[in-house]
Amino acid sequence: LKDAVEYFDREHEKTQKLYGSQLVPGGYYCTVFMWNIMTFGLEWTLKAMYYDPARFERLQKKFAKISLRDFRAWSQCDVKAFISHDDICMTEGPMVSPHWLRRHVFPWYRQLWHDLKNKGIVVLFCSDGNITKIVDDLADAGADGFIMEPSCDLSLITEKYGDQKVLVGNVDLRALTFADESAIIGEVHRCLETAGHCPGYFIN
């Protein structure tokens, strides 16, 4: 654990110096579910979940313990915020049932984020796709905010959590990349008009 703390602290300090007064968060890419996807690919991960759920659960527990060591190390570093990334959604919503996530993933989130939150570090959850259907579960697990893709229902999430959580993003990059000037301005205004009044909303 000591080596991990020293490594994360050193890398964060080096990056923070590059960006001066800007806030540089800590972060972790393979929180729980991403370990499987990065190691075996999405197709084989989903097959393993379906055909041998007991062995898959044991495997995921081993991956989660690696994350637990590193999250505890990050909690001892001089960071103000932390991005916990796990791609558990696609454009239409969670790639597996919310019921499965509630049993096998969200309890790990609660455990992984515990030490960070105890140190007053703001935990932001980030996933590809549409987190709208599970946003309450993420909040219940302890997420202090959400980094959102445009498929998420910004209006609903703002109504529920705009006064108490950090909300980041929802701007459609397709508009920024391919649209004309008026459409680009319109897309940014859409997000600002929906969530810009919230104390913790950030364009991304």
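Guide: Before we start, a helix here is a DSSP run of H or I at least four residues long, and helices are numbered from the N terminus. Keep in mind that this is a predicted model.

Visitor: Fine. What makes residues 2–19 count as helix α1?

Guide: The cut-off is at least four residues, and α1 has 18, so the run qualifies as a helix. From first C-alpha to last, α1 reaches 26 Å, close to the 26 Å expected at 1.5 Å a residue.

Visitor: And what follows α1?

Guide: Gly-20 does, with a positive phi near 60°.

Visitor: Which residues of α1 are buried?

Guide: Ala-4, Val-5, Phe-8 and His-12. They sit on the same side of α1, because the arc they cover around the axis is only 95°. Among the elements covering these buried residues are β1 (26–28) and α4 (53–75).

Visitor: What does the face turned away from that buried side carry?

Guide: Exposed residues: Lys-2, Asp-3, Lys-17 and Leu-18. To be called exposed, a residue needs over 50% relative accessible area.

Visitor: On to the sheet. What makes you say that β2 and β5 pair?

Guide: Two strands pair if DSSP finds at least two bridges between them. Five bridges join β2 (residues 81–85) to β5, so these strands pass the test. They run parallel, and one of the matches is Phe-82 with Val-123 in β5.

Visitor: How do you know that β1 pairs with β2 as well?

Guide: Apply the same cut-off of at least two bridges. β1 and β2 have three, again running parallel, so they count as paired. Gly-27 has Ile-83 as its bridge partner in β2.

Visitor: What about β5 and β6?

Guide: Three bridges there, in the parallel sense, so that pair also meets the minimum of two. Cys-126 stands opposite Ile-147 in β6.

Visitor: What is the order of the strands in the whole sheet?

Guide: β1-β2-β5-β6-β7-β8, an open sheet of six strands with parallel pairing.

Visitor: Why are β1 and β8 called edge strands?

Guide: Each of them, β1 and β8 (201–202), pairs on one side only.

Visitor: How many residues of β2 are buried?

Guide: Four of its five, so β2 is mostly covered. In β6 (residues 145–148), Gly-145 and Ile-147 point one way while Phe-146 and Met-148 point the other, and all are buried.

Visitor: Why is Leu-124 called buried?

Guide: Its relative accessibility is 11%, and the cut-off for buried is under 20%, so Leu-124 counts as buried. Leu-124 sits in β5 (residues 122–126). Beyond four places in sequence, its contacts include Phe-82 and Ile-83, along with Asp-144, Gly-145 and Val-166. Its C-alpha is 8.8 Å from that of Leu-167, which is 43 residues apart along the chain.

Visitor: And why is Thr-158 called buried?

Guide: At 8% relative accessibility, Thr-158 is under the 20% limit, so it counts as buried. Thr-158 is in helix α8 (residues 154–161). Leaving aside neighbours within four places, Thr-158 is in contact with Leu-167, Thr-194, Ala-195, His-197 and Cys-198.

Visitor: Now the cysteines. How many disulfides does the structure hold?

Guide: Zero. For Cys-77, the nearest cysteine sulfur is that of Cys-30, 18 Å away. A disulfide needs the two sulfurs within 2.5 Å, so Cys-77 is in no disulfide. Cys-191 is in none either, with its nearest cysteine sulfur, that of Cys-152, 11 Å away.

Visitor: Are those two, Cys-77 and Cys-191, buried or exposed?

Guide: Buried, because Cys-77 has 8% relative accessible area and Cys-191 has 0%.

Visitor: Last one. Which residues have the most contacts inside the largest nonpolar core?

Guide: Ile-88, Tyr-109, Trp-113, Ile-131, Leu-138 and Phe-146, within a core of 55 residues. α4 gives the largest share, seven residues. Not counting residues up to four places away, Tyr-109 touches Ile-88 and Leu-138, and others including Thr-31, Val-32 and Phe-125. A second, separate core has five residues, among them Cys-126, Ile-147, Val-166 and Val-168.

Methods. Residues are numbered from 1 along each chain as its sequence is written. This is a predicted model: local features need pLDDT of at least 70, side-chain atom pairs count only at pLDDT 80 or more; totals for chains, interfaces and linings use all residues. Side-chain values use heavy atoms; hydrogens and water are left out. Helices (H or I, at least four residues) and strands (E, at least two) are DSSP runs, numbered from the N terminus. The expected span of a helix is 1.5 Å times one less than its number of residues. Buried means under 20% relative accessible area, exposed over 50%, partly exposed in between (1.4 Å probe, protein chains only). The arc is that of the directions from the helix axis to the C-beta atoms. Contact means heavy atoms within 4.5 Å. A nonpolar core is a set of buried Ala, Val, Leu, Ile, Met, Phe, Trp, Tyr and Cys residues joined through side-chain atoms within 4.5 Å.
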